[in-house]
Every structure is written in structure tokens, then in C-alpha cells.
Amino acid sequence: MRLYSVNAGYFKLDGGAMFGVVPKSMWNKANPADDGNMCSWAMRCLLIEHGNYRILVDTGMGSKQDEKFFSHYYPHGDDSLVKGLAAHGFTPDDITDVFLTQLHFDHCGGAISKIDGKYVPAFKNAFYWSNHKHWLSALTPNEREKASFLRENIQPIEDSGRLRLIDAADGDEWMPDIRIRYVNGHTDCMMLPQIKYNGTTILYCADLIPSAAHVSLPWIMAYDMRPLDTLGEKTKLLKEAAANDWVLFFEHDLKNECCSLIQTDGRVRVKDIFPLSELDKIIEAR
Ligand SMILES: [Zn+2]
């Protein structure tokens with residue numbers, strides 16, 4: 001198995017919304033806000049090359065939305081999903097599977113392109129993976145979550161005939177060496193891939209723990225549908241992760257890609273921060 005970090009670009013979200021009840025005097029040190037109180041975030045995807053599979057986890061927001069939409073989210077920088085894949089020697093046509101942790105626009109927008117006014121899969125050789133419960137909730141969103149579920153990111157996947165729904169139970173294998181963990185605090189049935197790599201477990205944290213700062217238990221996004229469920233899910237997974245020396249991979253952290261954990265005084269904290277490219281070295285040193 002080989003793992004590649006693929007940055008699909010940066011965008012901005014309101015700092016208060018990203019850090020929930022945590023006061024700005026604290027979160028502004030972790031991710032300083034601009035004059036409009038907006039913080040920059042990465043859209044960091046993970047490419048898993050395993051046997052004949054090349055599985056892309058999440059796709060960033062893509063580029064097909066209109067100016068008005070982008071004016072709310074300030075995409076910036078030179079990174080893009082296609083450039084990020086090319087940096088590792090891949091093209092979109094090489095991808096066999098697109099695993100969508102959830103269908104919020106910043107996770108799945110890059111899955112569908114708009115060509116000559118038509119919405120088509122950006123990865124034409126790939127199957128697209130979601131699950132029944134999340135898929136239904138994305139198609140019939142509540143008012144609070146509606147702005148994150150864009151019909152043009154979702155319906156064309158089904159229309160293309162490439163949609164596949166995962167029915168593995170929580171903690172079970174979906175593909176060899178890739179287990180799925182389901183969490184419901186952020187949105188209905190978000191999926192976190194738990195990857196067995198070289199004897200170590202890597203957890204792709206998606207929006208359960210979007211950045212290293214969010215490892216701290218009360219740091220929960222105001223975007224979450226059920227923040228107390230997030231608290232329970234974070235508590236449980238972080239304990240398991242720390243007890244078993246897992247590595248966390250952060251989708252939205254501006255700079256930090258991965259971390260290891262340590263448990264002291266009953267609290268799980270970040271131990272070492274490192275880029276995915278140093279994972280082999282970290283594992284070797286264990
Ligand atoms: Zn997100």
C-alpha cells in the first residue's frame with residue numbers, strides 16, 4: 001500500500017463557526033483570522049494505492065460553482081485536485097474509487113465537473129462511494145444543513161450509474177486493510193476510513209477532527225448538527241487511537257497533515273506533528 005496527501009486547495013470559513021464555543025482569544029492563536037474573521041483551511045484529500053485500486057478519499061470543493069458561491073468561501077492558492085494528483089504521477093482517469101466521507105460541498109464538489117453545461121463525473125473510471133443513510137439525508141437536507149448539500153454535487157453521481165453504497169458495519173472492512181468508522185455528530189453517518197498501513201493505523205478524520213487544534217475535546221465546530229454526539233464520538237475514537245498508537249490525518253488543517261497522540265492525566269493530546277511524507281520514518285522509529 002502507498003499513501004499520498006493530495007491538497008485540492010484552500011478556502012476560508014468563519015473562525016467562530018469552525019471553533020464553536022471556544023473563545024477567539026484561544027483559537028486565533030491556532031489559526032489567525034483575517035479582518036473579516038475568516039480563517040484559511042485546506043481541503044486535503046488522501047490517495048490510497050493498494051493492489052489494483054487507487055482510492056481517492058474526498059475531492060475538495062471543485063471549481064464549477066459560480067462567483068457568488070465562491071465569494072462566500074474564498075478559494076485561494078495555486079493548488080488543485082488535478083495538480084495534486086499529477087504531483088504524485090496520477091491523472092483523474094487513474095482513480096478507481098472515490099470515497100466520499102460525506103456530501104458537504106467542500107468534500108465532494110470536485111467529484112463532479114461541469115462540461116458544456118452538463119454535470120459529469122470528474123473521475124470517469126471510478127465508482128463513487130457513500131452510504132444509504134447519508135445519501136438520503138443529503139438529498140433531503142434540513143434547513144440548517146441545506147447550504148452545504150448542493151444538488152449538482154450529488155444527483156449527477158447517481159445519474160451517472162457510478163454510485164455505490166457501503167453497507168459494512170461500523171469498524172468492519174470495506175476494502176482489504178480499510179475499515180469504516182461511522183460518526184453522526186457532524187452530519188448523518190459521515191464515514192472515516194481507518195487504514196492499516198505498514199503495521200500502523202491511520203485515521204482520516206474528515207470533519208470529526210478537522211484540524212490538530214480540534215483534538216482538544218471541547219473544540220467542536222458550530223456547524224455540527226449534534227455537537228454532544230461529536231463530543232462522545234471524539235472521546236471514544238481518540239481514546240482508541242491513543243491506546244493503539246494511531247496516526248491522525250487532518251483534512252482541513254492549514255499546515256498540519258498528521259499527528260501522533262499521547263494520553264496524559266486522562267486526556268488525549270497531540271504528540272508529534274508531521275507531514276504524511278514522513279510517515280514511514282515515524283513508523284520505523286517506533
Ligand atoms: Zn469539511
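Visitor: Where along the chain is Asp224 found?

Guide: In the loop between β12 (200-204) and α8. Those labels are DSSP runs, numbered from the N terminus: helices (H or I, at least four residues) and strands (E, at least two). Before we go on, this is a predicted model, where local features need pLDDT of at least 70 and side-chain atom pairs count only at pLDDT 80 or more, while totals for chains, interfaces and linings use all residues. Residues are numbered from 1 along each chain as its sequence is written, and side-chain values use heavy atoms, with hydrogens and water left out.

Visitor: Is Asp224 buried or exposed?

Guide: Buried means under 20% relative accessible area, exposed over 50%, and partly exposed in between (1.4 Å probe, protein chains only). Asp224 has 2% relative accessibility, so it counts as buried. Take a look at Ala17 too: it is 207 residues from Asp224 in sequence, but 9.4 Å away in space, C-alpha to C-alpha.

Visitor: How many cavities of 30 Å³ or more are there, and what lines the largest?

Guide: On a 1 Å grid over the protein atoms alone, a cavity is a set of points where a 1.4 Å probe fits but cannot get out; a pocket is an open set with protein on both sides within 12 Å along at least five of seven lines, and lining residues have an atom within 4 Å of a point. Points are joined across faces, edges and corners, and a volume is the space filled by probe spheres set on them. Here there is one cavity of that size, and the largest holds about 30 Å³. Asp224 is part of its lining, along with others including Asp207, His214, Trp219, Thr230 and Lys234.

Visitor: What about the largest pocket, and which element gives the most to its lining?

Guide: Its volume is about 470 Å³. The pocket is lined by 29 residues, with Gly62, Ser63, Ser80, Leu81 and Gly110 nearest its centre. Two or more lining residues come from each of β1 (2-14), α4 (81-87), β5 (112-115) and β6 (118-121). β5 gives the most, with four residues.

Visitor: Which protein atoms hold the zinc ion as donors?

Guide: Donors are N, O and S atoms within 2.8 Å of the metal (3.2 Å for Na, K and Ca), and water is not among the atoms, so sites may look incomplete. For this zinc they are Asp106 (OD), His107 (NE2), Asp207 (OD) twice, and His252 (NE2), at 2.1 to 2.7 Å. Along the chain the spacing reads D-H-x99-D-x44-H. Asp106 and His107 are both buried, and Asp207 turns up again in the lining of the largest cavity.

Visitor: Which residues of α8 are buried?

Guide: An α-helix has 3.6 residues a turn, so residues three or four places apart point the same way. In α8 the buried set is Thr230, Glu233, Lys234, Leu237, Leu238, Ala241 and Ala242. They cover an arc of only 145° around the axis (taken from the directions from the helix axis to the C-beta atoms), which puts them on the same side of α8. Leu228, Lys236 and Ala243 are exposed on the face turned away from that side.

Visitor: Which loop does Asp58 sit in, and what is its phi?

Guide: Asp58 has a positive phi of about 65° although it is not a glycine. You'll find Asp58 in the loop between β3 (53-57) and α3 (67-73), buried at a relative accessible area of 0%. Asn37, also not a glycine, has a positive phi of about 70°. Asn37 lies in the loop between α2 (24-30) and β2 (38-50) and is partly exposed, at 21%.
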